[in-house]
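Please look at the sequence and the three-dimensional structure together, and keep both in view while reading the explanation that accompanies them.

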Amino acid sequence: MRVLRVGDDALLVEVASGEEAQALHAELKRRRAEGLLRVTEIVPAARTVLLDGLSDPARLAAELTSAELPPAPPPSRQAVEIPVRYDGPDLAEVAAHWGVGEAEVPRIHAAAEFRVAFCGFAPGFGYLTGLPARYEVPRRATPRTAVPAGAVALAGPYTGVYPRSSPGGWQLIGTTDTVLFDHTRVPAALLTPGTRVRFVPVGAGDAAVPAGPGGAV
Amino acid sequence: MTDRALAVVRAGALTTVQDGGRPGYAHLGVPRSGALDAPAAALANRLVGNPAGAAVLETTLDGCAVRPRSAVVAAVTGAPCPVTVNGGPVAWGAPVRVPAGAVLEAGAAVGGVRSYVAVLGGVAVEPVLGSRSTDLLSGLGPAPLTDGTVLPLGRPVAGQHARVDVAPQPGPPTELVLRVTLGPRDDWFTAEALRTLGTRVYRVSPASNRIGLRTEGPALERARTGELPSEGVVLGAVQVPPDGRPVVFLADHPTTGGYPVVGVIRPADLAPAAQALPGTPVRFVVVRHR
């Protein structure tokens with residue numbers, strides 16, 4: 001664990017893997033919930049957790065450097081289910097990267113169990129891990145100027161769902177009608193760090209298949 | 001409709017509603033947003049008797065004009081500009097009375113970039129995640145004002161407007177001096193690049209906006225190639241994209257990023273950064289962590 005100063009009020013804690021980052025994030029959230037850590041933001045990411053709004057970052061840095069990281073807690077009991085039509089324009093390209101037939105892509109993707117490693121890019125956009133490493137794919141060489149809301153997409157080790165239309169360079173494999181972010185809803189974001197997620201294939205005409213908690217609305 | 005409202009007569013180039021922003025949601029990818037020149041926004045509120053976190057209007061370069069439906073106390077702070085009520089000059093940086101139906105205009109800035117217009121009661125659009133701020137990166141909060149927009153005003157709290165003629169304010173910077181602590185990714189740059197950052201003069205790029213203050217000047221050379229996995233980024237972070245020119249993250253900055261952050265500027269230097277016109281010289285002064 002490496003602790004880096006970020007300005008006068010923040011720390012960036014760097015660990016060796018995504019799993020360690022998730023364990024560290026869970027531990028820091030626990031400390032905050034128990035009143036042991038006063039902090040404005042706890043932002044997990046690929047290999048780091050950012051702590052912003054600290055009153056005494058130097059002291060916490062010293063403490064964290066010598067701390068033993070407890071193992072990651074068990075994942076949340078219930079998985080969020082996201083119904084997906086596997087109809088993305090990049091299915092063939094993903095199939096080629098994976099070395100499988102195009103019809104295999106939905107089967108492989110929907111068989112995996114995902115976990116929200118972290119959020120970013122846009123409100124409600126989660127970086128989901130869970131696909132075996134051999135299924136990593138590169139970003140598209142040329143990003144699209146507009147990816148539609150609800151696009152289910154792959155890049156590197158991650159799966160993501162675009163909460164709203166935006167430019168994007170990920171490989172599009174499907175579409176969902178599930179609303180990822182709605183500021184009038186509590187909680188606003190369907191996917192928060194640590195949440196378990198499954199993608200459930202639906203046919204082209206089954207857009208309104210009911211989902212699990214927080215599913216299609 | 002209630003008469004506690006403001007009609008927008010002239011929206012200006014870019015006028016947004018801003019308050020203290022929505023910190024605490026970065027883990028969901030929600031930017032903090034909020035007034036770029038926070039001390040100027042707080043002063044405008046104090047002048048009219050609002051709590052510091054009330055929502056105000058933030059203008060960009062050419063001001064705006066609004067017509068309150070009932071008599072209000074208002075104040076314009078931040079970038080200095082001519083202030084008029086129904087065309088007659090009134091004070092900038094002081095509480096002014098605006099009769100019902102009169103037009104309060106903040107004119108084009110004579111220095112600086114962003115003026116703040118506070119009205120007693122505050123702009124009372126529906127908050128989103130606890131804030132009324134317009135976030136131009138993610139689209140949360142009210143859309144930028146357009147001519148004809150009607151904004152509700154809140155009820156005044158029991159406070160009094162300030163009894164001052166003109167409140168002193170720092171002038172817009174002719175040279176922007178940004179104190180920067182190095183890290184977390186200063187080790188991604190060559191020693192020469194860090195010397196360049198601390199000694200050479202940059203200029204504010206016209207491509208700057210509420211997301212970031214972009215600079216023009218010598219490129220910072222990386223000591224390491226390859227990609228940095230996405231990591232959380234703070235307000236004031238000095239991120240270095242592949243072109244090597246530092247970008248200072250302002251209120252609407254993305255919550256995570258994959259380009260290395262060479263340093264972080266002191267919070268007190270964010271307000272002058274919000275008022276620096278394109279072309280203003282920028283010097284980064286490396287300081288130690290507190």
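The paragraphs that follow treat chain A, then chain B, and then the contact between the two chains. Throughout, it should be kept in mind that this is a predicted model.

In chain A, 4 strands form an open sheet, and reading across it gives the order E1-E2-E4-E3, with antiparallel pairing. The edges of this sheet are taken by strand E1, residues 2–6, and strand E3, residues 41–44, each of which pairs on one side only. Direction ignored, neighbouring strands of the sheet are turned by 20° against each other on average. A helix of chain A, H1, which spans residues 18–33, packs on this sheet and touches E2, E3 and E4 of chain A, while its direction makes about 165° with that of E3(A).

Within the sheet of chain A, strand E2, residues 10–14, and strand E4, residues 48–52, are paired in the antiparallel sense over 5 bridges. The register of this pair can be followed from Ala10(A), which stands opposite Asp52(A) in E4(A).

Chain B contains a barrel, which is closed by 7 strands in the order E12-E19-E16-E17-E14-E13-E20, and the pairing in this barrel is mixed. From one strand to the next, the twist averages 40°. One of the pairings in chain B joins strand E14, residues 212–216, to strand E17, residues 247–249, through 3 bridges, and these two strands run antiparallel. Here Arg214(B) has Val247(B) in E17(B) as its bridge partner.

Another strand of chain B to follow is E4, residues 64–68, which pairs in the antiparallel sense with strand E1, residues 5–10 of chain B, over 4 bridges. In this pairing, Leu6(B) has Pro68(B) of E4(B) as its bridge partner. E4(B) is also joined by 3 bridges to strand E9, residues 104–106 of chain B, and these strands likewise run antiparallel; there, Val66(B) stands opposite Leu104(B) in E9(B).

Which residues of strand E4 of chain B lie on its covered face, and which on its uncovered one? Cys64(B), Val66(B) and Pro68(B) make up the covered face, whereas Ala65(B) and Arg67(B) make up the uncovered one. In a regular strand, side chains alternate between the two faces of the sheet. Val66(B) and Pro68(B), both on the covered face, thus reappear from the pairings above, Val66(B) standing opposite Leu104(B) and Pro68(B) being the bridge partner of Leu6(B).

Finally, the two chains meet in a contact that takes 30 residues from chain A and 26 residues from chain B. Sorted by class, the side of chain B that touches chain A has 12 nonpolar, 12 polar and 2 charged residues.

Key
Residues numbered from 1 in each chain as written. Chains lettered and ligands numbered in written order. Predicted model: local features only at pLDDT ≥ 70, side-chain atom pairs only at ≥ 80, totals over all residues. Pairing = 2+ DSSP bridges. Axes fitted to C-alpha atoms, helices over the stretch in contact; angles between N-to-C directions. Contact = placed C-beta atoms within 7 Å. Buried ≥ 20, exposed ≤ 12 C-beta atoms within 10 Å, placed from the backbone. Nonpolar A, V, L, I, M, F, W, Y, C, P; charged D, E, K, R; others polar.
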